[in-house]
Amino acid sequence: MKKVTMLIVTLLAVLGLTGSTVWLSNHATSAQAKTSKTTKAPSWKQPSESKPYPNLKKHKHAFIKVSIAKQRVYIMASRKKVLYTMKCSTGKKSSPTPKGTFHIQNRGKSFYNASSREGARYWTSFKDWGVYLFHTVPTNAKGKYVVSEAKKLGKRASHGCVRLSVADAHWIYTHVPAKMKVVIH
């Protein structure tokens, strides 16, 4: 009977028909089985906010503002109106993110830098045509995310680029148009 109960619980979990916990009772044996909690993707894989990303077609003068002090990227509608806020990691003090006004340049799906032994996905360049980028948390030579580095999101940790969650970097890569203004302070 326990095998049948566990099989049912496993099937429900695989089919996604459980909440965070499922209890089944068997009247004959009063046995109860509990599934493990549904695993939520780590925050460094998810969007920074629970609301939808902004529709940039509705905001013709939108721009990106990066706050090194707050370790945040803001999608701005105007000088004072924030549309969306993303947690980021900018450059360490030994390899700072450049400050100033720049513009979105080129982009790509992934890269790997053998000298720093790090890569990333969904990169969008804002300075020097591929030198300074918005991109995901780092990947290794095999393209796997480096969890120890991903956990640093929100703290200065990069070699000068702006690291973002996987979802946030993908959104910038797919939605932010070329030549959009980027202000870093």
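**Notebook: S165, the cores and the aromatic rings**

I began with S165, which I located in the loop between β10 (162-164) and α3 (166-175). The model is a predicted one, and I read every entry below with that in mind.

**Entry 1. S165 and its surroundings**

I looked up whether S165 is buried or exposed. Its relative accessibility is 1%, so I recorded S165 as buried, the limit being under 20%.

I then asked which backbone atoms lie by the polar side-chain atom of S165. The backbone oxygen of Q46 is at 2.8 Å from a polar atom of that side chain. The backbone nitrogen of D168 is at 3.1 Å from a polar atom of the S165 side chain.

With neighbours within four places in sequence set aside, I listed S43, W44, K45, Q46, P47, K87 and L153 as the contacts of S165. Q46 thus appears both in the contact list and as the residue whose backbone oxygen lies 2.8 Å from the S165 side chain.

**Entry 2. Helix α3**

I next examined the helix that follows S165. I noted α3 as mostly covered, with seven of its 10 residues buried. The buried residues are V166, A167, D168, A169, W171, I172 and Y173. I also asked what covers them. The cover includes β4, β5, β7, β8, β9 and β10.

**Entry 3. The nonpolar cores**

I looked up which residues touch the most other members of the largest nonpolar core. They are I64, V73, F134 and L164, in a core of 25 residues. I found that β3 (63-67), β4 (72-76), β5 (82-89), β10, α3 and β11 (181-184) each supply at least two residues of this core. The largest share, four residues, comes from β5. Apart from this core I noted another of six residues, among them W44, V137, Y145 and L153. Two of these names, W44 and L153, I had already entered as contacts of S165.

As general background, nonpolar side chains tend to be buried together in soluble globular proteins.

**Entry 4. F134 and F126**

I took F134 from the core list and found it buried, at 0% relative accessibility. Not counting residues up to four places away in sequence, F134 touches I64, V66, V73, I104, Y122, W123, T124, F126, V162, L164, I172 and V182.

F126 lies in strand β8, and I recorded it as buried at 1% relative accessibility. Beyond its neighbours within four places in sequence, F126 is in contact with T97, P98, F102, H103, I104, Q105, Y132, L133, F134, V162, V182 and I184. I also noted a C-alpha separation of 9.3 Å between F126 and T101, which are 25 residues apart along the chain.

A search of the whole structure gave me seven aromatic pairs. One of them joins F126 and F134: the pair is tilted, at 5.1 Å centre to centre and 50 degrees between the planes. I further noted that ring pairs link F102, F126, Y132 and F134 into a cluster.

**Entry 5. Strands β7 and β8**

I looked up how many bridges join β7 (residues 107-113) to β8 (residues 118-127). There are six, and the two strands run antiparallel. S110 stands opposite R121 in β8. The strands form a hairpin with four residues between them, and I recorded a positive phi of about 55 degrees for R117 in the turn.

Y122, also in β8, has a positive phi near 50 degrees without being a glycine. I entered Y122 as partly exposed, with a relative accessible area of 22%.

**Entry 6. Charges over rings**

I asked where R121 lies with respect to Y145. R121 is over the face of Y145, at 4.6 Å from the ring centre. Y145 is the residue I had listed among the members of the six-residue core. For K65, I found the charged end over the ring of Y74, 5.5 Å from its centre.

**Entry 7. Two loop residues**

I placed Q71 in the loop between β3 and β4. Q71 is not a glycine, yet its phi is positive, at about 55 degrees. I recorded Q71 as buried, with a relative accessible area of 4%.

I placed A141 in the loop between β9 (132-136) and α2 (147-150). A141 is exposed, at a relative accessible area of 60%. Its C-alpha lies 9.4 Å from that of F111, and 30 residues separate A141 and F111 in sequence.

Notes:
Residues are numbered from 1 along each chain as its sequence is written. This is a predicted model: local features need pLDDT of at least 70, side-chain atom pairs count only at pLDDT 80 or more; totals for chains, interfaces and linings use all residues. Side-chain values use heavy atoms; hydrogens and water are left out. Buried means under 20% relative accessible area, exposed over 50%, partly exposed in between (1.4 Å probe, protein chains only). A polar contact is a pair of N or O atoms within 3.5 Å; within protein, one must be able to donate a hydrogen and the other to accept it, and residues adjacent in sequence count only if both atoms are side-chain atoms. Contact means heavy atoms within 4.5 Å. Two strands pair if DSSP finds at least two bridges between them. A nonpolar core is a set of buried Ala, Val, Leu, Ile, Met, Phe, Trp, Tyr and Cys residues joined through side-chain atoms within 4.5 Å. Rings of Phe, Tyr and Trp (its six-membered ring) pair if their centres lie within 6.5 Å; planes under 30 degrees apart count as stacked, over 60 as edge-to-face and the rest as tilted. A charge sits over a ring if NZ of Lys or CZ of Arg is within 6 Å of the ring centre and within 35 degrees of the ring normal.
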